[in-house]
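Q: Could you zoom in on one strand for me and walk me through what surrounds it? I'd like the neighbours in its own chain, then whatever meets it from across the chain boundary.

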Amino acid sequence: MPQFMLLLHSDPAGMKQLSPEEMQKAMEKFMAWRNKPFTRDGHRLTDDAGRVMRIRAGETRTSDGPYSETKEILGGYYTIEAADYEDAVRLAQGHPTLEYGGTIEVRQVWGL
Amino acid sequence: MPQFMLLLYDDPAGFQRLSPEEMQMAMEKYMAWTKKPFTKDAHRLGEDLGRVMRSAGGQIRTTDGPYSETKEILGGYYTIEAANYDEAVKLAMDHPTLEHGGTIEVRHVWGT
C-alpha cells in the first residue's frame with residue numbers, strides 16, 4: 001500500500017491564542033489522529049525554528065531557522081497509508097489542523 | 001535521547017543533470033546515511049509536487065502543490081538521535097545532500 005506524508009504547516013502563534021480548555025481539546029484531537037487505522041507514524045515538532053544548513057562557495061553554513069519567510073513552520077507530520085492521492089486527501093479532510101488555520105502538504109513516500 | 005528531524009530540501013532538476021554513474025554514487029551515499037548508528041528513520045519523497053489542503057471560509061480547498069513558491073521541495077527526511085542542536089548539526093555536516101546543493105532544516109521532535 002502506498003504511503004503518504006501529511007506535512008502540517010501552521011503558525012505557532014495561532015495555537016497560543018487558545019484558552020487552556022481549547023488547547024486541551026485540540027491536543028486530544030491531534031493525538032486521536034495518531035490512532036487512526038491508516039496512520040503509520042506521526043510526530044509533533046517543537047515550536048522553535050531550528051537550524052538551517054547549506055553549502056555556499058564550498059563552505060557549510062549553519063544559521064538559525066526558520067527556513068522560509070512565511071509565518072507558518074512545519075509543526076509536525078503523519079505518515080498514512082492510502083491507495084492514491086485522492087484517497088490520501090479524502091482521509092486528511094478531517095484532520096484538526098485545518099480547523100485551526102493550518103495547511104497540510106500531502107506528499108507520496110518514494111518506493112512504497 | 002532527543003530526536004531531530006533533518007528535512008532535506010532540494011531542486012529535483014539538479015539531480016536530473018547527473019550522469020548515471022554520478023546518480024548511482026549519490027544514491028549510495030544517501031542509502032549509507034540511513035544506516036548510520038544515530039539514524040532512526042528515513043524516507044525519500046516522490047518528486048511530484050503533491051497536494052496542498054487548507055481551510056478557507058469553512059471549506060477545505062485542495063490544490064496541486066508545491067506548498068511554497070521556491071524551486072526547492074522537501075525531498076525526504078531523516079530522524080536522528082542527538083544530545084542537542086549543536087550535536088545534530090555536527091552529525092549532519094557530512095550529509096550528501098549538501099554537496100548536491102540541497103538545504104537541510106534541522107528540527108527537534110517534540111517530547112523527545
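**A strand between two partners**

A: Let's start inside chain B: strand S1 (residues 3-10) of chain B runs antiparallel to S6(B), and the two are joined over 6 bridges. Keep in mind that this is a predicted model. One of the pairs to look for is B:Leu7, whose bridge partner in S6(B) is B:Glu105.

Now cross over to the other chain. S6(B), residues 103-108, also pairs with S3(A), again in the antiparallel sense, this time over 3 bridges. Here B:Glu105 turns up once more, with A:Val52 standing opposite. Go to A:Arg51 and you'll find that its bridge partner in S6(B) is B:Val106. So much for the partners; what about cover? S6(B) is mostly tucked away, with 5 of its 6 residues buried.

Step back and look at the whole contact: 35 residues come from chain A and 33 residues from chain B. On the chain A side, the elements that each supply at least two residues are strands S1 (3-10), S2 (39-44), S3 (51-56), S4 (59-64) and S6 (103-108), along with helices H3 (85-92) and H4 (96-99). The largest share of that side, 6 residues, comes from S6(A). As for chemistry, the side of chain A that touches chain B has 16 nonpolar, 12 polar and 7 charged residues.

Back at the strand you asked about, the picture is this: S6(B) has S1 of chain B as an antiparallel partner, and S3(A) as another from across the boundary.

How values were computed: Residues are numbered from 1 along each chain as its sequence is written. Chains are lettered from A and ligands numbered from 1 in the order in which they are written. This is a predicted model: local features need pLDDT of at least 70, side-chain atom pairs count only at pLDDT 80 or more; totals for chains, interfaces and linings use all residues. Two residues are in contact if their C-beta atoms, placed from the backbone, lie within 7 Å. Helices (H or I, at least four residues) and strands (E, at least two) are DSSP runs, numbered from the N terminus. Ala, Val, Leu, Ile, Met, Phe, Trp, Tyr, Cys and Pro count as nonpolar, Asp, Glu, Lys and Arg as charged, and the others, Gly among them, as polar. Two strands pair if DSSP finds at least two bridges between them. A residue is buried if 20 or more other C-beta atoms lie within 10 Å of its own, exposed if 12 or fewer, and partly exposed in between; C-beta atoms are placed from the backbone.
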